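Visitor: I would like to go through this model term by term. For each label, please show me the value and the cut-off behind it.
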Amino acid sequence: MAVQSIGSNGYMDAYALLQAANEEQQLQSRATEMDKEQGKTSGKSGIANEIESYLAKIPKGKDNRLSFLDVDKHRAQLEAKWDITVTADLKELGVDVTKQLPLSYDPATGKVTVAKGHEDKEIIDKYFEDNPDKVDEFKTILQLGKLTSTASAKLSQGQMIQDLQVKSMTWWFADNSDPTSWFDGGGLMFGQGQTAYTGLNITV
């Protein structure tokens, strides 16, 4: 029977797995601690609850686990679907969809509007007033964009593919997100014949 040496790669792979397991254990421990403190930290709790509500809608793997890449993939799929549907609807209403539309969401009013001065502003704003489901989807895309931006800025590629329980991932995002910006609005550049989400928090 042939014998093959494990070599340094085998040891490195084993070390990486142990390190990932240790990191997840730390996150789960932190999640438990934060659960106990939930009543004392209402601001953090509110952010975590909202984040968890978004993560709960994303298809999960085994043991109710997600990776950070799963979140980003889900956001991209939502963007593509929203882009196709809204483009078709606005085109039918006579809007020139070959031009970019700077859209923004205002949490105070719950409305999605196009920038002032746009030639089809009245039509576009009325479309979103008549289609609250598209507004909800727009908000979801914005919030998931904040999550994926936070993750990509703070995690390595290896950490991005690490599977975590949803509760642990929720508290990681809550700990690493800016609480003042989470409940703010934001904007996306939409249109020009592609899935064109080129920026978050556009000032209009």
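Visitor: What makes helix 7 mostly covered?

Guide: First, a caution: this is a predicted model. Helix 7 covers residues 166-176, and eight of its eleven residues are buried. Buried means under 20% relative accessible area. The buried residues include Val-166, Ser-168, Met-169, Thr-170 and Trp-171. Trp-172, Phe-173 and Ala-174 are buried as well.

Visitor: Why does Trp-172 count as buried?

Guide: Its relative accessibility is 11%. The cut-off is under 20%, so Trp-172 counts as buried. Phe-173 has a relative accessible area of 1%, so it is buried too.

Visitor: How many aromatic pairs are there in the whole structure?

Guide: A search finds six. Trp-82 and Phe-138 form one that is tilted.

Visitor: What makes the pair of Trp-82 and Phe-138 tilted?

Guide: Two values describe a pair of aromatic rings: the distance of the centres and the angle of the planes. For Trp-82 and Phe-138 the centres are 5.4 Å apart, and the planes differ by 50 degrees. Pairing needs centres within 6.5 Å. Under 30 degrees would be stacked, over 60 edge-to-face, and the rest is tilted. At 50 degrees, the pair of Trp-82 and Phe-138 is tilted. The pair links distant parts of the chain: Trp-82 sits in helix 3, Phe-138 in helix 5 (residues 132-154), 56 residues apart. Both Trp-82 and Phe-138 are buried.

Visitor: Why is the pair of Trp-172 and Phe-173 called edge-to-face?

Guide: The ring centres are 5.3 Å apart and the planes stand at 75 degrees. Edge-to-face takes over 60 degrees, so the label fits the pair of Trp-172 and Phe-173.

Visitor: Which residues do ring pairs link into a cluster?

Guide: Trp-82, Tyr-127, Phe-128 and Phe-138.

Visitor: How do you know that the span of helix 3 agrees with its number of residues?

Guide: Helix 3 has 25 residues, 68-92. At 1.5 Å a residue, it should span 36 Å. The expected span uses one less than the number of residues. The end C-alpha atoms are 37 Å apart, which agrees.

Visitor: Which residues of helix 3 are buried?

Guide: Among them are Phe-68, Val-71, His-74, Arg-75 and Glu-79. Trp-82, Asp-83, Val-86 and Leu-90 are also buried. An α-helix has 3.6 residues a turn, so residues three or four places apart point the same way. Just after helix 3, Gly-94 takes a positive phi of about 95 degrees.

Visitor: Why is Gln-77 called partly exposed?

Guide: Gln-77 is in helix 3. Its relative accessible area is 45%. Buried is under 20%, exposed over 50%, and partly exposed lies in between. Gln-77, at 45%, is therefore partly exposed. In sequence, Gln-77 and Ile-141 are 64 residues apart; C-alpha to C-alpha, they are 9.7 Å apart in space.

Visitor: Why is strand 2 largely enclosed by the rest of the structure?

Guide: Strand 2 spans residues 100-106, and five of its seven residues are buried, so it is largely enclosed.

Visitor: How do you know that strand 2 and strand 3 pair?

Guide: Pairing needs at least two bridges. Strand 2 and strand 3 (residues 111-114) have four, in the antiparallel sense. Asp-106 stands opposite Lys-111. The two strands form a hairpin with four residues between them. In the turn, Gly-110 has a positive phi of about 70 degrees.

Visitor: Which face of strand 3 is covered, and which is uncovered?

Guide: Val-112 and Val-114 make up the covered face, Lys-111 and Thr-113 the uncovered one. In a regular strand the side chains alternate between the two faces of the sheet.

Visitor: Why does Asp-125 count as buried?

Guide: Asp-125 lies in helix 4 (residues 121-130). It has 13% relative accessibility, so it counts as buried. A polar atom of the Asp-125 side chain lies 3.0 Å from the backbone nitrogen of Val-114. Leaving aside neighbours within four places in sequence, Asp-125 is in contact with Val-112, Thr-113 and Val-114.

Methods:
Residues numbered from 1 in each chain as written. Predicted model: local features only at pLDDT ≥ 70, side-chain atom pairs only at ≥ 80, totals over all residues. Heavy atoms only, no water. Buried < 20%, exposed > 50% of the residue type's maximum accessible area, 1.4 Å probe, protein only. Polar contact = N/O pair within 3.5 Å; in protein donor to acceptor, adjacent residues only side chain to side chain. Contact = heavy atoms within 4.5 Å.
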